[in-house]
Amino acid sequence: MAECSQVDSSKASRHTMDKSITLPPDEIFRNLENAKRFAIDIGGSLTKLAYYSTVQHKVAKVRSFDHSAKEAASDKLYEISVQEEVTARLHFIKFENAYIETCLDFIKDHLVNTETKVIKATGGGAHKFKELLERKLGLRVDKEDEMTCLIKGCNFVLRNIPHEAFVYAKHADSEFRFQTTHPDIFPYLLVNIGSGVSIVKVESEDKFERIGGSSIGGGTFWGLGALLTKTKRFDELLQLASKGQHTSVDMLVKDIYGGSYGSLGLTGDLIASSFGKSATADKEFSKEDMAKSLLHMISNDIGQLACLYAKLHNLSRVYFGGFFIRGHPVTMHTITYSINFFTKGEVQALFLRHEGYLGAIGAFLKGAEEDNPNQYSWGENYAGSSGLMSISPDMNPMQRARSGTFDMLEMDRLERQLVNLSLLQDPSSYIPDTVDLTEDALAREYWLDCFEEALDGVVKRAVASQPDMPESVERAEKFRQKYRHKLQTLRHQPFAYGSLTVRSLLDTREHCLNEFNFPDPYSKIKQRENDVALKFYQKAVRTLEALSWEERQFALVRGVLAGNVFDWGAKAVSDLLICSVLESDPEFGFEEAKRQLEERPWLVDSYDQWFHRLKGRPHKCALFFVDNSGVDIILGVMPFVRELLSRGTEVVLASNSGPALNDVTNGELQILTERIAAMDPVIQAGLKEDRLTLIQSGSSSPCLDLSRLDKVLAMVVRERNTDLVIIEGMGRAIHTNYYATLSCESLKMAVIKNSWLADRLGGKLFSVVFKYEVPAGTGGLTEAAAPPSP
């Protein structure tokens, strides 16, 4: 959310307010010089603008040296270059209609692209402002059907934003309970509450039907409310309602029968007649009480209607939107109460974080059909999105009416199309994150403090990664300010970007780093680690081969765990081990890491079950999600992989598509594996015979969401009949996926490198999680006892 500054507030009036605004272009209309298609949704009070732009940003690329040529004069395995890359971004901006002229003037003055000839328009104000749009922008206005745009926008956000839908719980510790979106978003019921009510059944991308509606909607509440209270502003009317007591005006069951009506199952507190007391009571009723009674009357009517249609069409997913909702707590609460009552809790009222943008998104998609934007996956850019505002009436209740407030949403087109991992046991109930910080106040306070304390170190690392760019200091400072502001926002509004988790805090930091052109702050550290660790690979393999089969299996596991200690994202580790490794002897550091590991029995210890399983038939194919560069991937993971290959198991190594901390990327892993293959016939044969495959995961995060994986990876996993999934690392196996249940065997390995988290789990620093699981009902082994939830 960005605020505009007043130029001369003494001269501003209701009719000239739009001329008194100075827009900060870098915060609102971002990248306007590269804007192409435009769409606009103009409602009764708010305008939503959408446009597409191409964004140029820096990316870190690696290129292998030709070690047979003179090019390889140094010992470096590969070179790193920072290149420019162009990607697509969608921008959505929401502002009050009072500022429409100034915004249009600003767009006209800064619009460079002259290819744009048309602006798609929808909403009730599209006709009213048609002449203004054409005159100001010089574009032809092409009006689109409002309901079609609304449905297209709703499908888009449900498909691309994981924590888009939420349940509102007024009296819970967290008002917002974000829902996991089912992989198949259809069918659903959309109840759009504008002036009236439209109830739409959506069955597919292009198939929907208005199955019902009502003339009693938001306009009814606003109109009757204005007559009853003399209050003309919708938000002020809701504010009155939030302070009122409807029981002063409504006649309850107990007012008629003296208590409950047991034979009909009616409790005494139920409303028997809205405004019933006003006919007989000889007194004046307060504006607040009348507004509250009216709100209940309208909401209960809409809720009952929605429930009847949902039951008639056998639909369990019911989304509510429209200006009546617009994120207001009092309307969401009354709608939720009504739905719970009429369905006896069988149907939940679902609301959308970006409900106000649906029309603009849909209008934009209609204008971009030739590019088929739905063939891509899109992701919310946290660095450029304002997030969901605080909506509690007790916290700045007139926030929405404040002049000069703009909301922004940005969506980046992802390089890869993302899909579910087919091996998830129940994709509809899969929740990647282990702890929801939105609901866990103690954990939220710790992790927000932790990320803020780490900020100075991240800034230093970012500057050090670009020593030849003097302006990097200034950019790093801007990153610091942006990310610190995001953390402050999340302290007050932890629900701003959906469920607040360690993963979302890490992803927000990566987004902010990319925003200021720091694509890979750890690239040089990873390069040095990879170079030195490779020198000890053959010795590590020889040591393992000298062991008996039984000893080797345990040594391989300890090697993966010890390698996983080498994580630049963990302060305790960087202080203890990594610096010494880079400056002196990585072999010593690897052995030291083994000594730091917890002795068996581990905190979570399924090793005996895993060892017993290894005595049986080999797995058909193992999918291995890897973690860190350097010692981890080279001395820990690769020996484990060669053992699987030697057993006859095919292996798919899944690594990050883009950089995050010191995690190995697919580009780096390709070069590392090629070099290892040159000195290891087992790895070489695996590559040559296509039994060892390297595929990017589609992620650029230290954590892992198994519902958003590269489509190619998901296809290979399915084609190869994968029957074992290995997930390594604290981010992928503890912060996420700790409770993920799969339809095949799984192995989760991690070392806890955070003392607070270790204490909460009942362990200590460097405690080990080794969690081997077999799906229920297969007659296999069960997992070892787990510690308390993180």
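Guide: Buried means under 20% relative accessible area, exposed means over 50%, and partly exposed is anything in between (1.4 Å probe, protein chains only). You're looking at a predicted model, where local features need pLDDT of at least 70 and side-chain atom pairs count only at pLDDT 80 or more, while totals for chains, interfaces and linings use all residues. Residues are numbered from 1 along each chain as its sequence is written, and side-chain values use heavy atoms, with hydrogens and water left out.

Visitor: Let's start with charges. How many salt bridges does a search of the whole structure find?

Guide: To count, a side-chain nitrogen of Lys or Arg must be within 4 Å of a carboxyl oxygen of Asp or Glu. Some of these bridges join up, and one network links Arg30, Arg89, Glu410, Asp412 and Glu515. Across the whole structure, the number of salt bridges is 57.

Visitor: Glu650 and Arg720 link distant parts of the chain, so to speak; how many residues apart are they?

Guide: These two form a salt bridge, with their closest N and O atoms 3.6 Å apart. Glu650 is in strand E23 (residues 650-655), and Arg720 is in the loop between helix H24 (711-719) and strand E26 (724-728). Helices (H or I, at least four residues) and strands (E, at least two) are DSSP runs, numbered from the N terminus. Glu650 and Arg720 are both buried, and their separation along the chain is 70 residues.

Visitor: Which residue forms a salt bridge with Glu205?

Guide: Glu205 sits at 18% relative accessible area, so it is buried. Its partner is partly exposed, at 34%. The closest N and O atoms are 2.5 Å apart, and the partner is Arg159.

Visitor: Does Glu452 count as buried or partly exposed?

Guide: Glu452 shares a salt bridge with Arg491 (3.1 Å, N to O). That pair connects helix H11 (residues 441-453) with helix H13 (residues 472-492), 39 residues apart. Arg491 has a relative accessible area of 31%. Glu452 comes in at 23%, so it counts as partly exposed.

Visitor: On to cysteines. How far away from Cys621 is the nearest cysteine sulfur?

Guide: A disulfide is a covalent bond between the sulfur atoms of two cysteines. Here it takes a pair of cysteine sulfur atoms within 2.5 Å. The structure holds zero disulfides, and for Cys621 the nearest cysteine sulfur, from Cys744, lies at 9.7 Å.

Visitor: What relative accessibility does Cys703 have?

Guide: Cys621, buried at 0%, makes a handy reference. Cys703 counts as buried too, and its relative accessibility is 1%.

Visitor: What angle lies between the planes of Phe234 and Phe324?

Guide: Rings of Phe, Tyr and Trp (its six-membered ring) pair if their centres lie within 6.5 Å; planes under 30 degrees apart are stacked, over 60 edge-to-face, and the rest tilted. The count comes to 39 aromatic pairs. Phe234 and Phe324 make an edge-to-face one, 6.5 Å centre to centre, with a plane angle of 65°.

Visitor: Where is Phe324 in the chain?

Guide: Phe324 counts as buried, at 0% relative accessibility, and Phe234 is buried at 5%. Phe234 is in helix H6 (residues 234-243), and 90 residues separate the two. Phe324 itself is in the loop between strand E16 (317-321) and helix H9 (329-343).

Visitor: Which residue lies over the face of Tyr738?

Guide: A charge sits over a ring if NZ of Lys or CZ of Arg is within 6 Å of the ring centre and within 35 degrees of the ring normal. One case has the charged end of Lys94 over Tyr357, 5.0 Å from the ring centre. For Tyr738 the distance is 3.8 Å, and the residue is Lys771.

Visitor: Which residue's backbone nitrogen does the side chain of Ser377 reach?

Guide: Ser377 lies in the loop between helix H10 (358-367) and strand E18 (378-380). At 6% relative accessibility, it counts as buried. Its side chain gets to 2.8 Å from a backbone nitrogen, that of Leu418.

Visitor: Last one: how far apart are the end C-alpha atoms of helix H22?

Guide: The expected span of a helix is 1.5 Å times one less than its number of residues. Buried residues of H22 include Leu669, Ile671 and Leu672. With 12 residues (666-677), H22 should span 16 Å, and the model agrees, as its end C-alpha atoms are separated by 16 Å.

Key: Polar contact = N/O pair within 3.5 Å; in protein donor to acceptor, adjacent residues only side chain to side chain.
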